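User: I'm new to protein structures and I'd like a close look at one part of this one, the surroundings of the ligand. Could you walk me through that, and then show me how the rest of the chain fits around it?

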Amino acid sequence: METGSEVLRVWGLSKRFERERSMLQHLYDWWSGQSASKVQALCEVGMTIFAQETVGILGESGSGKSTLARILMGLLHSDEGGGMLLGNDLFDKRPGIRLANLRRMQMVFQDPFGSLDPRMSIKNILLEPFKIHGIADKQDWNRRLVDGLAEVGLEPNVLARYPAEFSGGQRQRIGICRALLLDPSVLIADEAVSALDVSVQAQILELLVRLKEARRLSLIFISHDVAVVRQLADRIIVLYRGSIVESLSADCLLKDAAHPYTRRLIGAALTLREGISKAVGVDVKKNDSVSEPQSAGCPFVAGCPEAFADCSDAPKLMELHPGHMVACHVPETVRAVEKIASLE
Ligand SMILES: Nc1ncnc2c1ncn2[C@@H]1O[C@H](COP(=O)(O)OP(=O)(O)OP(=O)(O)O)[C@@H](O)[C@H]1O
Ligand SMILES: [Mg+2]
């Protein structure tokens with residue numbers, strides 16, 4: 001597929017969950033006649049992914065990254081919204097279309113220990129996609145498994161072994177091999193390296209980049225780690241409490257990030273790594289908890305050092321420059337002031 005052609009497009013994806021409650025809270029709510037409060041895990045998320053690009057989804061814990069990934073993979077139903085994957089309705093429930101969509105988009109999970117069934121041999125784990133998708137040519141199965149393992153740097157002798165015999169990095173290689181066996185066009189990696197040691201992380205990232213190039217994949221790389229996302233992605237989408245607050249090219253992230261939340265993430269990453277938060281001029285100490293109730297206006301208003309009166313209205317995602325979208329009243333206002341000044 002040509003670079004730049006649309007592979008995946010989703011729009012208006014929203015998801016609300018009932019807030020998790022203890023048994024005692026359940027009883028109290030029942031006794032007092034209250035229904036469970038809801039968490040808005042995703043709020044009208046839309047994005048387009050093009051052929052052979054790597055899109056990083058960046059956000060802190062609880063921002064809705066995995067909810068988005070699970071909805072894209074059909075593991076979870078969205079309350080609202082729609083999507084298209086290579087000309088198919090992404091959420092069409094008819095089994096034939098669902099299987100075709102699954103073949104085209106696969107996922108590597110965060111937990112290399114939980115994502116492989118410990119009772120199954122690696123051979124049976126890797127054969128599952130062929131069985132589920134009815135790939136009939138059994139003569140070919142073994143060759144495809146051996147080739148797939150070689151691609152992720154593993155020997156054929158792993159086939160007879162069980163997941164418990166492997167390290168986290170090796171298991172993640174097996175997970176990547178399983179995801180690629182059916183030759184998908186899109187690969188979603190949800191925190192695929194965050195459970196691994198730093199040195200193993202680098203090897204798996206290098207493997208993902210190599211495979212993405214060799215197989216001309218579109219990669220959706222989900223992470224809370226600014227440095228990793230910036231290193232890997234062509235374009236970065238920043239999620240905050242289920243809403244996209246900014247989308248921009250990875251090359252422009254440090255220089256041009258316009259949303260105070262994106263700048264706070266960058267500041268926190270720099271503080272952690274180099275102790276130079278002052279370089280980007282953000283107040284990294286100002287923090288807000290994801291468990292705070294959501295306001296009707298901008299979702300970031302409580303934690304924002306730049307909030308002003310307009311922020312009581314929720315900002316829409318608007319184009320700041322070509323390829324750079326932001327949902328914030330501050331750059332919008334600055335731009336309006338600059339325009340007026342240029343007219344005077
Ligand atoms: N099955 C569920 N039931 C209730 N609430 C849920 C469920 N799944 C997710 N949530 C809530 O939805 C919000 C988004 O969760 P999600 O797992 O998508 O975040 P995340 O960005 O992937 O976080 P992390 O970086 O920790 O993986 C959180 O507030 C979470 O508690
Ligand atoms: Mg997650």
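Analyst: Before we zoom in, one term: pLDDT is the predictor's confidence in each residue, from 0 to 100. You need that score here, as this is a predicted model. Over residues 279–293 the pLDDT stays under 50, and for that stretch the model has 30 contacts beyond four places in sequence. Taken over the whole protein chain, the average pLDDT is 88, and 90% of the residues score at least 70. Strand E3, residues 54–58, has the highest confidence, at 98, while helix H11, residues 329–343, has the lowest, at a mean of 71.

Now for the part you asked about. Around ligand 1 there are 14 residues, and the ones that come nearest are Ser 61, Gly 62, Lys 65, Ser 66 and Thr 67. Let's go through some polar atoms next to the ligand. An oxygen atom of ligand 1 is 2.5 Å from an N or O atom in the side chain of Thr 67. For Lys 65, a side-chain N or O atom lies 2.8 Å from an oxygen atom of the ligand. Gly 64 joins in through its backbone: a polar backbone atom there is 3.1 Å from an oxygen atom of ligand 1. How much of the ligand does the protein cover? On its own, ligand 1 has 630 Å² of accessible area, and the protein covers 69% of that.

Which elements give two or more residues to the shell around ligand 1? They are strand E1 (6–18), strand E2 (38–50) and helix H2 (65–72). The largest share comes from H2, with three residues. If you sort the shell by class, you get six polar, five charged and three nonpolar residues.

Let's step back to the chain around this site. The protein chain has twelve strands and eleven helices. It is made of 344 residues, and 46% of them are buried. Take the contacts between residues at least 6 apart in sequence: 66% of these join residues at least 24 apart. On the outside, the chain exposes about 17,700 Å², with carbon and sulfur atoms supplying 53% of that area.

With that picture in mind, try a few single residues. Thr 262 sits in helix H10, residues 260–274. Is Thr 262 buried or exposed? With a relative accessible area of 1%, Thr 262 is buried, because the cut-off for that word is under 20%. Its side chain makes a polar contact of 2.8 Å with the side chain of Glu 246. Leaving out neighbours within four places in sequence, Thr 262 is in contact with Val 238, Val 245, Glu 246, Leu 253 and Ala 257.

His 329 belongs to helix H11, and that helix is where confidence is lowest. At 11% relative accessibility, His 329 counts as buried too. Which backbone oxygens does the side chain of His 329 reach? One is that of Asp 313, at 2.8 Å, and another is that of Asp 310, at 3.3 Å. Not counting residues up to four places away in sequence, His 329 touches Phe 308, Asp 310, Cys 311, Asp 313, Ala 314 and Pro 315.

Gln 170 is in helix H6, and at 31% relative accessibility it counts as partly exposed. A polar atom of the Gln 170 side chain lies 3.0 Å from the backbone nitrogen of Ser 167. Gln 170 and Pro 112 are 58 residues apart along the chain, yet their C-alpha atoms are separated by 8.6 Å.

Last stop: the backbone angle phi. Most residues other than glycine have a negative phi. Leu 86 is not a glycine, but its phi is positive, at about 45°. You'll find Leu 86 in the loop between strand E4 (80–85) and strand E5 (88–89), and its relative accessible area of 21% makes it partly exposed. Asp 183 also has a positive phi, near 60°. Asp 183 lies in the loop between helix H6 (168–180) and strand E7 (186–190). At 54% relative accessibility, Asp 183 counts as exposed.

Notes:
Residues numbered from 1 in each chain as written. Chains lettered and ligands numbered in written order. Predicted model: local features only at pLDDT ≥ 70, side-chain atom pairs only at ≥ 80, totals over all residues. Heavy atoms only, no water. Helix = DSSP H or I, 4+ residues; strand = E, 2+ residues; numbered from the N terminus. Buried < 20%, exposed > 50% of the residue type's maximum accessible area, 1.4 Å probe, protein only. Contact = heavy atoms within 4.5 Å. Areas by Shrake-Rupley, 256 points an atom, 1.4 Å probe, with all protein chains shown as cover. Near = heavy atom within 4 Å. Polar contact = N/O pair within 3.5 Å; in protein donor to acceptor, adjacent residues only side chain to side chain. Nonpolar A, V, L, I, M, F, W, Y, C, P; charged D, E, K, R; others polar.
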